[in-house]
Amino acid sequence: MRGLLRSLVTLLVVAAVVIGLFIADEWSRDQAERRITEMVAASVEGGSVTTEVGGWPFLVARLANRMDEVSVTLTDATFTMGEIRGVVDRVDVIARGVSPIDDPTQAVAGSLDANITLGWDRLGALLGFPVERIGPDRIAVRTSLTVLGVSAEILVEANVAIQPDGTLQLSEPSATAAGVRLPDEVVQSALDRLVPQLRLPSVPGLEYAGLTLGTDVVTVQLSGQDVPLAALA
């Protein structure tokens with residue numbers, strides 16, 4: 001009977017320790033997620049920010065002062081970078097090998113990948129002129145062009161790709177005005193006018209890695225190595 005009682009007490013003690021460690025683990029994880037969320041939220045207007053720290057138990061990560069993976073999601077957020085101000089539908093960030101844990105403003109991610117999704121209207125607002133998708137890798141841009149003192153609205157169509165610095169590169173262009181196809185020299189003049197404006201904001205520590213044109217939204221991919229989390233702010 002005493003042996004049974006001793007075993008029962010031991011089990012209760014072990015259970016209490018495990019529950020206590022679980023509670024401490026979740027509390028510590030919640031604190032880390034809250035600090036990162038607050039840092040990112042302070043840098044944008046409106047929208048919502050959620051953070052999820054991967055790996056279990058988190059107390060092991062705290063002892064190592066390093067988080068294996070951190071996921072941050074922003075939705076409907078307004079950001080300002082220098083003179084550029086824009087609204088994004090969604091930003092999904094995955095940061096790996098993040099250290100130190102206690103101070104996100106000083107933390108660095110060994111690698112970081114981000115997907116930024118925004119509607120075509122919001123992309124147009126960011127660039128300063130309307131842009132629309134006309135194919136899997138092809139866009140149409142409406143702009144104005146002055147030829148021999150006459151200003152006219154033209155429609156430029158071209159395949160598009162993105163460069164590491166965020167510049168949108170156009171290829172195989174064509175242009176029309178009032179439904180009439182324009183000569184190559186006019187097309188080139190239109191491109192010369194557009195190219196300086198076809199650039200997305202730069203993000204410290206990150207390079208643009210890809211561009212996906214959806215029916216309703218555009219998604220750009222960025223990645224980087226040894227990226228400060230403060231770059232998200």
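Which helix and which strands each supply at least two residues of the lining of the largest cavity? Keep that question in mind as we walk through this predicted model.

**Start with the whole chain.** Show everything as a cartoon, and you can trace four helices and 11 strands. Of the chain's 233 residues, 40% count as buried. Switch on the surface next: the accessible area comes to about 12,900 Å², with 57% of it belonging to carbon and sulfur atoms. If you draw contacts with a separation of 6 or more, 54% of them join residues 24 or more positions apart.

**Now select helix H1.** This helix covers residues 2–41, and glutamate 33 lies in it. Colour glutamate 33 and look at its surroundings: its relative accessibility is 14%, so it counts as buried, the cut-off being under 20%. Beyond the neighbours within four places in sequence, glutamate 33 is in contact with Thr51, Glu52 and Val53, so add those three to your selection.

**Finally, go to the cavity.** One cavity of 30 Å³ or more turns up in the count, and the volume of the largest cavity is about 80 Å³. To see its lining, select Leu118, Trp120, Leu123, Val131, Ile139, Val160, Leu168, Leu200, Leu211, Leu213, Val218 and Val220. By class, this lining has 12 nonpolar residues, with no polar and no charged ones.

Here is the reply to the opening question: helix H3 (120–127), strand S10 (207–213) and strand S11 (217–228) each supply at least two residues of that lining. Colour these three elements separately, and keep the lining side chains shown as sticks.

Methods:
Residues are numbered from 1 along each chain as its sequence is written. This is a predicted model: local features need pLDDT of at least 70, side-chain atom pairs count only at pLDDT 80 or more; totals for chains, interfaces and linings use all residues. Side-chain values use heavy atoms; hydrogens and water are left out. Buried means under 20% relative accessible area, exposed over 50%, partly exposed in between (1.4 Å probe, protein chains only). Contact means heavy atoms within 4.5 Å. On a 1 Å grid over the protein atoms alone, a cavity is a set of points where a 1.4 Å probe fits but cannot get out, and a pocket is an open set with protein on both sides within 12 Å along at least five of seven lines; lining residues have an atom within 4 Å of a point. Grid points are joined across faces, edges and corners, and a volume is the space filled by probe spheres set on the points. Ala, Val, Leu, Ile, Met, Phe, Trp, Tyr, Cys and Pro count as nonpolar, Asp, Glu, Lys and Arg as charged, and the others, Gly among them, as polar. Accessible areas come from the Shrake-Rupley method with a 1.4 Å probe; for residues, only the protein chains shown count as cover.
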